[in-house]
Amino acid sequence: MGYLRGVGIGTGVALGTSAVVRMRNGFPQVPTIPQRIMELLAKKRLNETPDVVLVADDLDMALTVARSLRWGRVVGIVASSPITEARATVVPAVVDIPGVVDAIPDDMLVLVDAEQGVVIADPDGAVIAQYQAERENLAPRIRLYLDESHLPAETLDGHMVLVIAVAGSDEELTDALEAGADMLYIPLDAELLPLHTEPQEQRSALLDLTLRCAGKALLIADDYALPPMLLLEACLRADITLAEPVRDYLNGLGIGEFMEELQEAHAECLINQARCALPRLAARLSEEAIPPLEPERLSIFADKLAMYGATRILIDCPRFGGGIGPINLPFLDTFVAVATAAMLPVFVKMDRLEPDEIELLLGSGVAGLVVSPAEVQSTKALLRTLTYSECRENLSELLKQNLE
């Protein structure tokens, strides 16, 4: 498996079989169908047109060849040439990867992430599972066989929920990886990532963590402590989301200011032709600290978080305690609804989760549950036995009874 970093064009993620565009007498040649796919077609084991990722020296060359390819459907493009002007493509593309034609052979599984500017050649099952978990638009037509423990959990009616494991120590990290967590949550006081230390120690710890996460996405609570340049470097090695506290609940400040710092650092990297990548941002909220805003105000708040650069929300809750309190279920139900409408999936972190509590959280529509490594497998197993629509009905009935 190889990670290649370039410049993304367009949006979305594509997964397909590589087809290298080669030159002959100064003209690009349409790739021939791989022998493996030809044999599958002959045996009638492929019932749909194969998805293809074109690999070429030049983006325009690849776009020209894409219109002539008949044996496959072009879903993504990878090219060596740098981008010289504003461009748009109808499929996800990543350019400015020198020597990519020699780095990726024909008939290799390739994942193209235009949003992050990442190309993964020959991705393993865990990486594909993670992308499938976070981006529902990535759906290979013939799903790869993956170890079940690493597959994201889906309810019986197809509702996907990420199960995220807390990994604050070496032991928790090992247990979380073995349990098949969809993402790793690094808490604020984690020994894996000492935040309030010398810059060189921070750099060493973060880069070591990106290597040890084994392709899993990271959700890091750092309280604005990690330097922007270090984060941009680390994001070349791992998919990182920073869970940052919101300093002003009415205006969403803190997130916006930090995003500006990241973008300024990113621009400086581009000017100096240094490779870098931006992390995602999550607004980290404590449920009891959010002021009692009306649904309309909550909606404005969620919209502002999205405008300032947040891509998800992490609510750090206390225990349920007897099924419904101290957490405010009516508030959570409303908040998840307005956040989802603003395209902000909500993750919930709690100390421990009982089965009835998982059902309530599922019914509220949360997109992820942060649990201990020991709870990962049991939580996934339970989610796969539930029906989202039934959990939603049960929560609605419970909320109705409490109103009465």
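This is a short tour of a predicted model, stop by stop.

**The whole chain**

Start with everything on screen. The protein has 404 residues, and 52% of them count as buried. Colour by secondary structure next. You should find 13 helices and 19 strands. Now think about which parts touch. Take the contacts in the protein with a separation of 6 or more: 68% of them are between residues 24 or more positions apart.

**Stop 1: H9 against H10**

Select residues 295-307, which form helix H9. Add helix H10, residues 329-341. The axes of H9 and H10 are 9 Å apart, and the angle between the helices is about 45°. H9 and H10 are therefore oblique to each other. The crossing of H9 over H10 is right-handed.

Show side chains at the contact. From H9, pick Pro 295, Leu 298, Ser 299, Phe 301 and Ala 302. From H10, pick Phe 331, Thr 334, Phe 335, Val 338 and Ala 339. What classes of residue make up the contact of H9 with H10? Eight are nonpolar, two are polar and none is charged.

**Stop 2: H10 against H11**

Keep H10 and add H11, residues 355-364. H10 and H11 pack with axes 9 Å apart, at an angle of about 40°. That angle makes H10 oblique to H11. On the H10 side, select Leu 329, Leu 332, Asp 333 and Val 336. On the H11 side, select Leu 360, Leu 361 and Ser 364. By class, the contact of H10 with H11 has five nonpolar residues, one polar and one charged.

**Stop 3: H11 against H12**

Keep H11 and add helix H12, residues 376-383. The two axes come within 11 Å and cross at roughly 60°. H11 and H12 are therefore oblique to each other. H11 passes H12 in a right-handed crossing. The H11 residues to show are Pro 355, Ile 358 and Leu 362. Their partners on H12 are Thr 379, Leu 382 and Leu 383. Five of these contact residues are nonpolar, one is polar and none is charged.

**Stop 4: a salt bridge from H12**

Stay on H12 and select Lys 380. Its side chain meets that of Asp 182 in a salt bridge, 3.0 Å from N to O. Where does Asp 182 lie? Asp 182 is in the loop between helix H5 (170-179) and strand E13 (183-186). The pair therefore ties together parts that are 198 residues apart in sequence. Are the two residues buried or exposed? Both Asp 182 and Lys 380 are buried.

**Stop 5: more salt bridges**

How many salt bridges does the structure hold? There are nine. Visit two others.

Select Arg 73 and Asp 51. They form a salt bridge, and their closest N and O atoms are 3.2 Å apart. Arg 73 lies in strand E7 (residues 73-79), and Asp 51 lies in strand E6 (residues 51-56). So this pair ties together parts that are 22 residues apart in sequence. Switch on the surface. Arg 73 is partly exposed, with a relative accessible area of 40%. Asp 51 counts as buried, at 13%.

Now select Arg 203 and Glu 233. Their side chains meet in a salt bridge at 2.5 Å, N to O. Arg 203 belongs to helix H6 (residues 199-212) and Glu 233 to helix H7 (residues 228-234), so the bridge ties together parts that are 30 residues apart in sequence. Arg 203 counts as partly exposed, at 32% relative accessibility. Glu 233 is also partly exposed, at 24%.

Then add Asp 170, Asp 208 and Arg 212. Salt bridges that share partners join these residues into one network.

**Stop 6: two positive phi angles**

Select Asn 25, in the loop between strand E4 (22-24) and strand E5 (27-29). Asn 25 is not a glycine, yet its phi is positive, about 55°. At 73% relative accessibility, Asn 25 counts as exposed.

Finish at Tyr 224. Find this residue in the loop between strand E14 (217-220) and H7. Tyr 224 is another residue other than glycine with a positive phi, near 60°. Is Tyr 224 buried or exposed? Tyr 224 counts as buried, at 14% relative accessibility.

Notes. Residues are numbered from 1 along each chain as its sequence is written. This is a predicted model: local features need pLDDT of at least 70, side-chain atom pairs count only at pLDDT 80 or more; totals for chains, interfaces and linings use all residues. Side-chain values use heavy atoms; hydrogens and water are left out. Axes are lines fitted to C-alpha atoms, for helices over the stretch in contact, and angles run from 0 to 180 degrees between N-to-C directions. Helices (H or I, at least four residues) and strands (E, at least two) are DSSP runs, numbered from the N terminus. Angles under 35 degrees count as roughly parallel, over 145 as roughly antiparallel, 65 to 115 as roughly perpendicular and the rest as oblique. A crossing is left-handed if the near helix is turned anticlockwise from the far one by less than a right angle, and right-handed if clockwise. Contact means heavy atoms within 4.5 Å. Ala, Val, Leu, Ile, Met, Phe, Trp, Tyr, Cys and Pro count as nonpolar, Asp, Glu, Lys and Arg as charged, and the others, Gly among them, as polar. A salt bridge is a side-chain nitrogen of Lys or Arg within 4 Å of a carboxyl oxygen of Asp or Glu. Buried means under 20% relative accessible area, exposed over 50%, partly exposed in between (1.4 Å probe, protein chains only).
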